[in-house]
Protein chains: 2
Amino acid sequence: MACQSVGEVDGTPYGAAGPMCSRDVSAGFPQPGHDHHPCRLRFVAGAEAVCREKGARLTRVRRQVLEILAASHRPLGAYDILEQMVSTSPSGRRPAPITVYRVLDFFQELGMVHRLSSRNAFFLCSQGGHRQTMPFWLCRECDTVTEASLPELEMAMPRRAAELGFSPISVQVEVEGVCPHCRARGRDPVMVEGCR
Amino acid sequence: MACQSVGEVDGTPYGAAGPMCSRDVSAGFPQPGHDHHPCRLRFVAGAEAVCREKGARLTRVRRQVLEILAASHRPLGAYDILEQMVSTSPSGRRPAPITVYRVLDFFQELGMVHRLSSRNAFFLCSQGGHRQTMPFWLCRECDTVTEASLPELEMAMPRRAAELGFSPISVQVEVEGVCPHCRARGRDPVMVEGCR
DNA sequence: CGTGAAAATGTGACACTATAACGTTTCTCT
DNA sequence: AGAGAAACGTTATAGTGTCACATTTTCACG
């Protein structure tokens, strides 16, 4: 499965799943004002592909959560998602928190959703579902989160683990800082419409 | 300040702060049945040194939390600490949660306590107070947590960040797996007395 | 079809984690 | 000693996550 870095701007992680955001992307960080529609389509199409491939059921609730996550480049808390389920749903019904967590667990097990543990927040994998070591780059200003590989880490980790006699099962790397767009804006902490 | 890897068994992170656990340590992972007393002394002495050096006040409550953390190689939740404060304290008084969190914040700002965000748990820095990138290695079986550097990561991170146009402010690396001692025990999930 | 097992979701309660706001005590410095 | 700052106490509450069990939906198989 294609799991290359988002940093590879012209890569096609999901195959030809739809128009890419190439023009709007700077090394994986979405432009604040970019047209999010293509990203969204790509996210959803990719998720559908993963489900199909793995024989997992993309139910109504799951699709709803998927759409909500796909509509954002920011990690969302479980209760944020819940609120959006209320306002999005035609019936306006409020699911119980456990429902959201169950859906998130489901997607996490498929590698389609990642949890940002420093923030108790979740975001959609932009690469089509993977579980390997892939650092998360989180902008402190606009809260955008991006995945971008760190090849040296992948090389060094097994060696260092062997040195320590440690058997790694999972690795989580969270880098917090300021993304290129916010840097360009002089690190102004003011939120920009659409930079979400 | 000395901030070398725990993996350097013969290093003296806290200067000559007390007897080391060298004989009991395997590449930084404390032996399940090891005599914890020296570790404890070293932890506390080191923390005292940091406070002295930075002019921070080591009050009664803070010392109490420090002692509790120093008595363990496992990360503790804030409420675990709270419970131990109740049972440890002569008066048996129960502080409010906020008290524990305040103390933890205090120590974290000095780099003396780290937070394991994947577990909402805290542990004492074994190196004398630092704030830089230092992976946490967490054993899934015995819950022991250890810090051990990953030099390649420190080298590669700035370069990769520059590539991405990202300005990193903090990096958190959490490696979960099985420590050498638990591996030797055949990954037996049974807790061993003293391996805490 | 239909039916039975498994998967998914609903429901209500509750445990765990963390912080806000404000009052009181303790410490430090002059 | 007294003023100001830091630390801590007190009460309340916000935010995050799970348990246990009931009900509904889905799917494979006869």
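This report describes a predicted model of two protein chains, A and B, with two DNA strands, C and D.

Because the model is predicted, local features need pLDDT of at least 70 and side-chain atom pairs count only at pLDDT 80 or more, while totals for chains, interfaces and linings use all residues. Residues are numbered from 1 along each chain as its sequence is written, chains are lettered from A and ligands numbered from 1 in the order in which they are written, and side-chain values use heavy atoms, with hydrogens and water left out.

## How the two chains are related

Chain A can be laid on chain B by a turn of 179° and a shift of 0.1 Å along the axis, with an RMSD of 0.1 Å, where copies are superposed by least squares on the C-alpha atoms of residues with pLDDT of at least 70 in both. This is the relation of a two-fold axis. Among the residues of chain A, the one that comes closest to the rotation axis is A:Val173, whose C-alpha lies at 2.3 Å. The same surface serves both copies, since 100% of the contact residues of chain A recur in chain B; contact here means heavy atoms within 4.5 Å.

## The nonpolar core

The largest nonpolar core has 36 residues, and A:Trp137 and B:Trp137 touch the most other members. Such a core is a set of buried Ala, Val, Leu, Ile, Met, Phe, Trp, Tyr and Cys residues joined through side-chain atoms within 4.5 Å, and buried means under 20% relative accessible area, exposed over 50% and partly exposed in between, with a 1.4 Å probe and protein chains only. In each of the chains A and B, β5 (136-139), α5 (151-164) and β7 (167-178) supply at least two residues of this core apiece; these labels come from DSSP runs numbered from the N terminus, with helices (H or I) of at least four residues and strands (E) of at least two. Leaving aside neighbours within four places in sequence, A:Trp137 is in contact with residues of its own chain, including A:Phe29, A:Thr144 and A:Val175, and also with B:Met157, B:Arg160, B:Ala161, B:Leu164 and B:Phe166 of chain B.

## The DNA strands

A residue is near a strand if one of its heavy atoms lies within 4 Å of it. Around DNA strand C there are 16 residues, of which A:Thr59, A:Arg93, A:Arg102, B:Tyr101 and B:Arg115 come nearest, and sugar and phosphate account for 52% of the atoms of strand C that come within 4 Å of the protein. Around DNA strand D there are 15 residues, of which A:Tyr79, A:Arg115, B:Thr59, B:Arg93 and B:Arg102 come nearest, and 55% of the atoms of strand D within 4 Å of the protein belong to sugar or phosphate, the rest to bases.

The table lists pairs between a side-chain N or O atom and an atom of the DNA, which fall under the polar contact (a pair of N or O atoms within 3.5 Å; within protein, one must be able to donate a hydrogen and the other to accept it, and residues adjacent in sequence count only if both atoms are side-chain atoms).

| Residue | DNA strand and atom | Distance |
|---|---|---|
| A:Arg102 | C, base nitrogen | 2.7 Å |
| B:Arg115 | C, phosphate oxygen | 2.5 Å |
| B:Arg102 | D, base nitrogen | 2.6 Å |
| B:Arg62 | D, phosphate oxygen | 3.2 Å |
| A:Arg57 | D, sugar or linking oxygen | 3.4 Å |

The largest share of the surface near strand C, 3 residues, comes from α4(A), whereas for strand D the largest share, 3 residues, comes from α4(B). By class, the surface near strand C has 7 nonpolar, 3 polar and 6 charged residues, and that near strand D divides into 6 nonpolar, 3 polar and 6 charged; Ala, Val, Leu, Ile, Met, Phe, Trp, Tyr, Cys and Pro count as nonpolar, Asp, Glu, Lys and Arg as charged, and the others, Gly among them, as polar.

## Three buried residues of chain B

B:Leu104 has its place in helix α4 of chain B and, at 0% relative accessibility, counts as buried. Leaving aside neighbours within four places in sequence, B:Leu104 is in contact with B:Val65, B:Leu69, B:Ala78, B:Ile81, B:Val113 and B:Phe122. The C-alpha atoms of B:Leu104 and B:Phe122 are separated by 7.9 Å, although the two residues are 18 residues apart along the chain.

B:His34 lies in the loop between β2 (29-30) and α1 (37-54) of chain B and is buried, with a relative accessible area of 8%. The side chain of B:His34 reaches the backbone oxygen of B:Gln31 at 2.6 Å and makes a polar contact of 3.3 Å with the side chain of B:His73.

B:Ser167, found in strand β7 of chain B, is buried with a relative accessible area of 13%, and a polar contact of 3.1 Å joins its side chain to that of A:Arg183.
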